[in-house]
Amino acid sequence: MSDIALSRRKDDHLDIVLNRRTAPVTVAPGWECIRFEHCALPELDLTQIDLARLAAGQDLALVSSMTGGMPRAEAINRHLSETAQALGIAMCVGSQRVSLQSRNSQGLTRALRRLATDIPSLANIGAAQLREADGLDLARGAVDALEANGLIVHLNPVQEAVQPEGDRD
């Protein structure tokens with residue numbers, strides 16, 4: 001897929017959520033499908049459970065997988081990085097595929113790290129890209145491009161299946 005087509009697809013993603021006419025209005029969150037098994041004697045001390053911590057001891061709260069891959073994402077990610085820094089929560093960018101494969105950073109650079117110096121920063125790449133011959137290099141490049149603390153590998157098979165240019169392998 002061309003760089004222009006990838007950027008246009010990312011632009012479409014933003015348009016869908018920012019335009020009231022195309023934004024989904026009645027999407028069920030999926031909780032209606034979840035059933036909990038009752039356990040009257042769970043044999044655990046709830047005071048010992050801390051859902052606000054990651055294994056590395058960092059706060060779990062984060063701005064998660066925000067947009068990437070087109071020019072207008074630069075301002076969005078800049079504002080989100082500043083907000084995450086002000087709140088002291090982690091920042092994760094959206095897929096870096098476009099910026100890495102097109103050699104056009106689209107704002108997904110170390111400049112974000114300069115805005116968010118005291119918080120965890122997470123790079124992002126799709127699992128489909130890891131299967132490519134240069135997948136490991138792309139993953140390393142995603143982390144290096146942001147001076148990130150870690151990498152999120154996203155899985156979105158349904159989205160890829162329904163997009164005209166989606167990765168179906």
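## Chatting through the sheet, pockets and a salt bridge

User: Hi! How are the strands of the open sheet ordered, and is the pairing parallel or antiparallel?

Analyst: Hello! This is a predicted model, and in it four strands make an open sheet in the order E1-E2-E3-E4, with parallel pairing.

User: Which strands stand at the edges?

Analyst: Those are E1 (62-63) and E4 (150-154). Each has a single partner strand, so one side of each is left without a neighbour in the sheet.

User: And how many bridges join E2 to E3?

Analyst: Two bridges link E2, residues 90-92, with E3, residues 121-126, and the two strands run parallel. If you want a spot to look at, find Met 91, which stands opposite Ser 121 in E3.

User: Nice. Which helix lies across E1 and E2?

Analyst: That's H2, residues 73-87, and its direction makes an angle of about 160 degrees with E2. Across E3 and E4 you'll find H6, residues 135-146, running at about 150 degrees to E3.

User: Switching to pockets. What volume does the largest pocket have?

Analyst: The largest pocket comes to about 480 Å³. Its lining counts 21 residues, and the closest to the centre are Lys 10, His 13, Ser 65, Ser 95 and Gln 159.

User: Which elements give two or more residues to that lining?

Analyst: Helix H1 (3-18) and helix H7 (157-162) do. H1 gives the most, with six residues.

User: How does the lining of the largest pocket divide by class?

Analyst: There are 12 polar residues, five nonpolar and four charged.

User: OK, how much space lies in the second largest pocket?

Analyst: About 190 Å³. The second largest pocket has 13 lining residues, and those nearest its centre are Ala 127, Ala 128, Asn 156, Glu 160 and Asp 167.

User: Which helices give two or more residues there?

Analyst: Helix H5 (127-130) and H7. H5 gives the most to the second largest pocket, with three residues. You may recall H7 from the largest pocket, where H7 also gives two or more residues to the lining.

User: And the classes in the lining of the second largest pocket, what are they?

Analyst: Five charged residues, four polar and four nonpolar.

User: How many cavities of 30 Å³ or more does a search of the whole structure find?

Analyst: Just one. The space in the largest cavity is about 30 Å³.

User: Which residues line the largest cavity?

Analyst: The lining is made of Ser 81, Met 91, Val 93, Leu 112, Arg 113, Ala 116 and Ser 121. By class, that gives four nonpolar residues, two polar and one charged. Met 91 and Ser 121 have come up already, as the residues that stand opposite each other, with Ser 121 in E3.

User: Last topic, salt bridges. How many does the structure hold?

Analyst: Three. One example is Arg 110 with Glu 147, where the closest N and O atoms are 3.6 Å apart.

User: Where do Arg 110 and Glu 147 lie?

Analyst: Arg 110 lies in helix H4, residues 110-115, while Glu 147 is in the loop between H6 and E4. The pair therefore ties together parts that are 37 residues apart in sequence. H6 is the helix we met earlier, lying across E3 and E4.

User: Great, thanks for the tour!

Technical notes. Residues are numbered from 1 along each chain as its sequence is written. This is a predicted model: local features need pLDDT of at least 70, side-chain atom pairs count only at pLDDT 80 or more; totals for chains, interfaces and linings use all residues. Side-chain values use heavy atoms; hydrogens and water are left out. Two strands pair if DSSP finds at least two bridges between them. Contact means heavy atoms within 4.5 Å. Axes are lines fitted to C-alpha atoms, for helices over the stretch in contact, and angles run from 0 to 180 degrees between N-to-C directions. On a 1 Å grid over the protein atoms alone, a cavity is a set of points where a 1.4 Å probe fits but cannot get out, and a pocket is an open set with protein on both sides within 12 Å along at least five of seven lines; lining residues have an atom within 4 Å of a point. Grid points are joined across faces, edges and corners, and a volume is the space filled by probe spheres set on the points. Ala, Val, Leu, Ile, Met, Phe, Trp, Tyr, Cys and Pro count as nonpolar, Asp, Glu, Lys and Arg as charged, and the others, Gly among them, as polar. A salt bridge is a side-chain nitrogen of Lys or Arg within 4 Å of a carboxyl oxygen of Asp or Glu.
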